[in-house]
Amino acid sequence: MNMTLDSLFSIFSAYGCKKIFVKSLSPNDNSKNQVYLAGSFDILNVFPIKEIVADSSGNWERDRFKASVDFLWITEEGNLSPAPKSQLILYPKYPEIRFSGFLQKSENPPSGLMTIRLAERLLFLAVTDHGQILGYVAHPDSSLATDFNSIKELEEYGVFKVYEIQSEKVAKEELLNQLQRIHNLGYIESKRLDKDGSILQCLAPNCGGYTLEAELGITPNGYSEPDFLGWELKQFGVSNFLRTQSAIITLMTPEPTGGFYKEQGVVEFLRKYGYPDRNGKEDRINFGGVHRIGVLHPLTNLKMELIGFDADIGKIKNSDGRIALIDDTGIEVATWSFASLLKHWNKKHNLACYIPSLSQIKPERKYWYGNKVTLGSGTDFTLVLQEMAAGNIYYDPGIKMENATKGTPKTKRRSQFRIKSGNLGNLYKMNEKLDLLNL
C-alpha cells in the first residue's frame with residue numbers, strides 16, 4: 001500500500017506519540033555520512049537514549065559519545081521494523097549530534113531512500129509512550145510529502161518542523177489547573193499509590209513527592225518517563241511560601257561510576273574516607289557535607305574537580321570527562337562519568353515544574369503545595385556542568401554505615417547533587433515563575 005499522511009499520523013498516535021519531528025534531509029543525510037540532527041545536546045531531551053559510552057581517542061578533535069537508541073522503522077504496510085544498531089553520535093567539540101546505524105540488521109528498512117544523495121526527503125521521527133523512537137522517510141515527490149509540506153505555521157525545533165498530536169499548550173494548562181486545585185485543598189494527608197492505583201499510607205519524611213503524585217493519579221511504572229503529561233514534577237520543602245528562593249532542591253541522585261568507591265565498595269570507602277557520627281551515635285560512620293568544585297572539604301579532606309570540561313567556553317573537551325572526588329594524594333575516590341550523567345539528566349528534564357510544599361508531622365503527616373511554581377523548559381547537560389563549575393550545584397551525600405565494627409555492617413547509599421531554588425533558572429533556556437492564583 002502507499003502510506004498516506006493521515007495513516008502515518010494515525011500510526012504515531014496509536015503508539016502514544018505526542019509530537020512528530022520532521023526533517024527535510026540534505027543530500028549528505030544518508031547512511032554513509034550519517035544524518036545531522038542537532039547542534040546541541042538538548043536534542044537528547046527529545047529522543048531518549050538507552051546507553052551512552054565514551055569513544056575517546058585522547059584527541060578533542062575526534063572525541064565523541066555513542067548513545068544507543070530503541071529505534072524502529074514504520075514500513076509502507078504500517079508494520080514496525082526494528083533497527084537494533086541505531087545510535088546517536090555526539091561530538092562535543094562542535095557540539096553536534098548525528099544519527100547512524102539505522103539500516104543495519106533491520107529486516108525491512110527504507111534502504112532505497114536512506115542510501116542515496118537526494119535532497120528534500122522527509123524524515124519523520126516520534127517517541128512512543130514507552131520510550132521507543134519510530135521513524136518513517138518519504139520521497140520528496142510523494143503525495144505524503146506534498147501533503148505535509150502544505151501544512152502551514154508549524155513550530156520549529158532546531159532542524160525539525162514539529163507537528164503536535166497532543167498540544168503542549170493544552171498539557172501545560174491542564175498541569176497548572178491541577179496544581180491550582182491541589183493548592184486550594186490545603187493540607188493533604190500523606191499518601192502514595194501502588195502500581196494498581198490503590199491509595200497507601202506514606203509515613204516517611206520524603207513523602208512530599210509521593211503525595212503530590214498520588215493526588216495527580218500518577219502510579220509507579222517501569223519506564224522512567226516524565227510524571228504528568230510530559231512534565232517532570234519536583235516538589236521541595238519550604239518553611240514559608242513567601243520565601244522559596246533559598247530552598248534546597250535535589251536534582252539527581254546517581255551512584256558513582258568509577259573511583260575507589262566503585263572499585264572497592266561502599267564499606268571500604270566509608271572506612272577509608274568516612275568519619276565517626278558527629279552526634280555520638282555509637283559504631284556509626286558517616287560521609288556527608290557540601291562538596292563544591294575546587295574546595296577542600298574539612299571533614300572528608302576531599303576536593304571535587306570537573307575533569308574534561310572547559311567552563312570558559314562551556315564545552316566538554318573529553319568524552320572520558322567526569323566529576324571526581326579527589327584526595328590529597330591524587331586518588332580519584334569517586335567519579336561520575338559525563339556519559340552516565342548525560343543520560344541521567346536528559347532522561348526527564350526537558351519540561352520540569354518545581355513546586356514548594358509545607359509539611360506537618362503531628363497529629364499526622366500532611367502536605368500543602370504552594371501557589372507559586374517555577375516552570376523550566378529546554379535544558380542541556382552543559383548547563384548543569386556550568387552551574388557546577390560556578391559552585392551553584394554541589395555534591396551533598398548522605399552515606400552511612402551502622403555496625404561499623406560489631407556484627408554485620410549495614411550501609412545506606414545516597415549521592416545527591418543539589419541546588420538552591422533561586423539558581424534553577426540557569427539550568428533551562430526558558431523559565432516561568434507563575435502564581436497559580438493568578439492564572
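Student: Which strands make up the open sheet that includes strand 17, and in what order do they lie?

Tutor: In this predicted model, three strands form that open sheet, ordered 17-31-28 with antiparallel pairing. Strand 17 (248-252) and strand 28 (393-395) are at the edges; each has a single partner strand, so one side of each is left without a neighbour in the sheet. On average, neighbouring strands here are turned by 40° against each other, direction ignored.

Student: How many bridges join strand 17 and strand 31?

Tutor: Strand 17 pairs with strand 31 (residues 417-420) over four bridges, in the antiparallel sense. To find your way into the ladder, look for Thr250, whose bridge partner in strand 31 is Arg418.

Student: Let's move to the sheet with strand 20. Which strands stand at its edges?

Tutor: Begin with the order, which is 20-23-24 in an open sheet of three strands with antiparallel pairing. The edges belong to strand 20 (303-307) and strand 24, each with a single partner strand, so one side of each is left without a neighbour in the sheet. For this sheet, the average turn between neighbouring strands is 20°, again with direction ignored.

Student: And which residues could I use to follow the register across it?

Tutor: Ile326 is a handy landmark. Lys303 stands opposite Ile326 of strand 23, and Ile326 in turn stands opposite Glu332 in strand 24. Strand 20 and strand 23 pair in the antiparallel sense over five bridges. Strand 23 (residues 322-326) and strand 24 (residues 332-337) also pair in the antiparallel sense, over five bridges.

Student: What is notable about Gly330 in the hairpin of strand 23 and strand 24?

Tutor: Gly330 takes a positive phi near 95° in this hairpin, which has five residues between the strands. For a residue other than glycine with a positive phi, turn to Gln34, where the value is near 75°. Gln34 sits in the loop between strand 1 (19-25) and strand 2 (35-38).

Student: Now helices. At what angle do the axes of helix 8 and helix 9 cross?

Tutor: The axes of helix 8 (residues 338-346) and helix 9 (residues 381-389) cross at roughly 110° and come within 9 Å. That angle makes helix 8 roughly perpendicular to helix 9. The crossing is right-handed.

Student: Which residues of helix 8 and helix 9 meet there?

Tutor: From helix 8 come Phe338, Leu341, Leu342, Trp345 and Asn346, which meet Phe381, Val384 and Leu385 of helix 9. Sorted by class, this contact has seven nonpolar residues, one polar and no charged ones.

Student: How many disulfides does a search of the whole structure find?

Tutor: A disulfide is a covalent bond between the sulfur atoms of two cysteines. The search of the whole structure finds one. Cys202 and Cys207 form a disulfide with their sulfur atoms 2.0 Å apart. The torsion about the S-S bond of Cys202 and Cys207 is about -85°, so this disulfide is left-handed.

Student: Last topic, the peptide bonds. Is the one from Tyr94 to Pro95 cis or trans?

Tutor: The bond from Tyr94 to Pro95 is cis, with omega near -15°. You will find Pro95 in the loop between strand 7 (87-91) and strand 8 (96-100). The peptide bond from Lys362 to Pro363 is cis too, with omega near 0°. Pro363 has its place in the loop between strand 25 (351-360) and strand 26 (366-369).

Note on methods. Residues numbered from 1 in each chain as written. Predicted model: local features only at pLDDT ≥ 70, side-chain atom pairs only at ≥ 80, totals over all residues. Heavy atoms only, no water. Axes fitted to C-alpha atoms, helices over the stretch in contact; angles between N-to-C directions. Helix = DSSP H or I, 4+ residues; strand = E, 2+ residues; numbered from the N terminus. Parallel < 35°, antiparallel > 145°, perpendicular 65-115°, else oblique. Left-handed = near helix turned anticlockwise from the far one by under 90°. Contact = heavy atoms within 4.5 Å. Nonpolar A, V, L, I, M, F, W, Y, C, P; charged D, E, K, R; others polar. Pairing = 2+ DSSP bridges. Disulfide = S-S within 2.5 Å.
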